[in-house]
Amino acid sequence: MEQSLEEKENEVIEEFSVFDDWMDKYQYLIELGQELDPLEESEKNERSLISGCQSKVWIVSEVKEGRLYFRADSDAIIVKGIVAMLMKVVSGSKIDEVKECDFSFVSKIGLREHLSPTRSNGVLAMIERIKATANRL
C-alpha cells in the first residue's frame with residue numbers, strides 16, 4: 001500500500017532524528033542525493049530549472065493514476081540531497097496531499113536554521129514549484 005504524504009514526512013523526520021550532529025545530517029543528505037536518478041540532459045531545460053536557487057536545480061513532474069510523480073537533479077551535492085529529500089516525501093503522493101502539504105518537516109528536522117539565507121531561499125523556491133505544479137492540476 002502506498003504511504004501517505006504525512007507518513008513519508010514522519011519517516012524523514014525520524015531518519016534525521018537519528019543524527020545528533022549536523023555534519024552527520026549533511027552526510028545523510030549527500031547520500032540521499034547520490035541515490036537520485038539523474039535527469040536526462042534534455043530534461044535540464046529552462047522550463048524545469050528552478051529560479052531563486054543559488055545552484056542549478058531542475059524538477060520535472062508527471063501524473064499517473066491521480067498521483068504526482070517528481071524527478072529532480074542539481075549540480076551541487078548538498079542541494080541535490082535537499083531536493084532528493086523533498087522528492088522522497090512528495091513524489092508518488094496524491095495531488096490533493098501535495099496541494100495541502102505545508103512542508104513543516106523541513107523545519108522540524110532543523111534544516112532551515114542550518115542553511116545559508118540563499119540556500120533557504122532555494123529550498124523555498126523548490127517548494128513553491130512543487131506546490132504550483134500540484135495547484136495547476
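How many aromatic pairs does the structure hold? Keep that in mind as you open the viewer, and remember that this is a predicted model. The structure holds four aromatic pairs, and we can visit two of them right away.

**Stop 1: aromatic rings**

A pair of aromatic rings is described by the distance of the centres and the angle of the planes. Start by selecting F19 and Y28, which form a tilted pair. Their ring centres are 5.5 Å apart, with 35° between the planes. Now add F16 to your selection: F16, F19 and Y28 form one aromatic cluster.

Is Y28 buried or exposed? Its relative accessible area is 14%, so Y28 counts as buried, because buried means under 20%. F19 has a relative accessible area of 24% and is therefore partly exposed.

Next, select F103 and F105. These two form another tilted aromatic pair, at 6.1 Å centre to centre and with 40° between the planes. Both rings belong to buried residues: F103 has a relative accessible area of 2%, and F105 has one of 0%.

While F103 is on screen, select Q27 too. Q27 lies in helix 2, and at 39% relative accessibility this residue counts as partly exposed. Try a distance between the two C-alpha atoms: Q27 and F103 are 76 residues apart along the chain, and their C-alpha atoms are separated by 21 Å.

**Stop 2: the largest pocket**

Rolling a probe the size of a water molecule over the atoms shows where empty space is left. Let us look at some of that space.

Select L32, E35, L36, D37, F70, R71, A72, A84, M87, K88 and S91, which line the largest pocket. This pocket has a volume of about 230 Å³. Which elements each supply at least two residues of its lining? They are helix 2 (22-35), strand 2 (67-74) and helix 3. If you colour the lining by class, you will find six nonpolar, one polar and four charged residues.

Now zoom in on S91, one of the lining residues. S91 is found in the loop between helix 3 and strand 3 (93-94). At 19% relative accessibility, S91 counts as buried, because the limit for that word is under 20%.

What does the side chain of S91 reach? Draw a line from it to the backbone nitrogen of F70, and you will have a distance of 2.9 Å. F70 also belongs to the lining of the largest pocket. Leaving aside its neighbours within four places in sequence, S91 is in contact with K8, L68, Y69 and F70.

**Stop 3: the second largest pocket**

Clear the view and select S42, E43, N45, R47, S48, I59, V60, S61, R129, T133 and R136, the residues that line the second largest pocket. About 190 Å³ of space lies here. Strand 1 (57-64) and helix 6 are the elements that give two or more residues to this lining. Strand 1 gives the most, with three residues. Colour these residues by class as well, and you will see two nonpolar, five polar and four charged residues.

**Stop 4: the cavity**

How many cavities of 30 Å³ or more does the count give? The count comes to one, and its volume is about 60 Å³. To find the largest cavity, select its lining: C53, Q54, S55, V79, I82, T118, R119, G122, V123 and M126. Helix 3 (77-90) and helix 6 (117-135) are the elements that give two or more residues to this lining. Helix 6 gives the most, with five residues. By class, the cavity lining has five nonpolar, four polar and one charged residues.

**Last stop: V79**

Finish with V79, one of the residues lining the largest cavity. V79 sits in helix 3 and is buried, with a relative accessible area of 5%. Leaving aside its neighbours within four places in sequence, V79 is in contact with S55, V57, S74, R119 and M126. Among these partners, S55, R119 and M126 also line the largest cavity.

For one more distance, select G122, another residue of that lining. V79 and G122 are 43 residues apart along the chain, and their C-alpha atoms are separated by 8.7 Å.

Technical notes. Residues numbered from 1 in each chain as written. Predicted model: local features only at pLDDT ≥ 70, side-chain atom pairs only at ≥ 80, totals over all residues. Heavy atoms only, no water. 1 Å grid on protein atoms, 1.4 Å probe; cavity = no way out; pocket = protein on both sides within 12 Å on 5 of 7 lines; lining within 4 Å. Points joined across faces, edges and corners; volume = space filled by probe spheres on them. Helix = DSSP H or I, 4+ residues; strand = E, 2+ residues; numbered from the N terminus. Nonpolar A, V, L, I, M, F, W, Y, C, P; charged D, E, K, R; others polar. Buried < 20%, exposed > 50% of the residue type's maximum accessible area, 1.4 Å probe, protein only. Polar contact = N/O pair within 3.5 Å; in protein donor to acceptor, adjacent residues only side chain to side chain. Contact = heavy atoms within 4.5 Å. Phe/Tyr/Trp six-rings, centres within 6.5 Å; stacked < 30°, edge-to-face > 60°.
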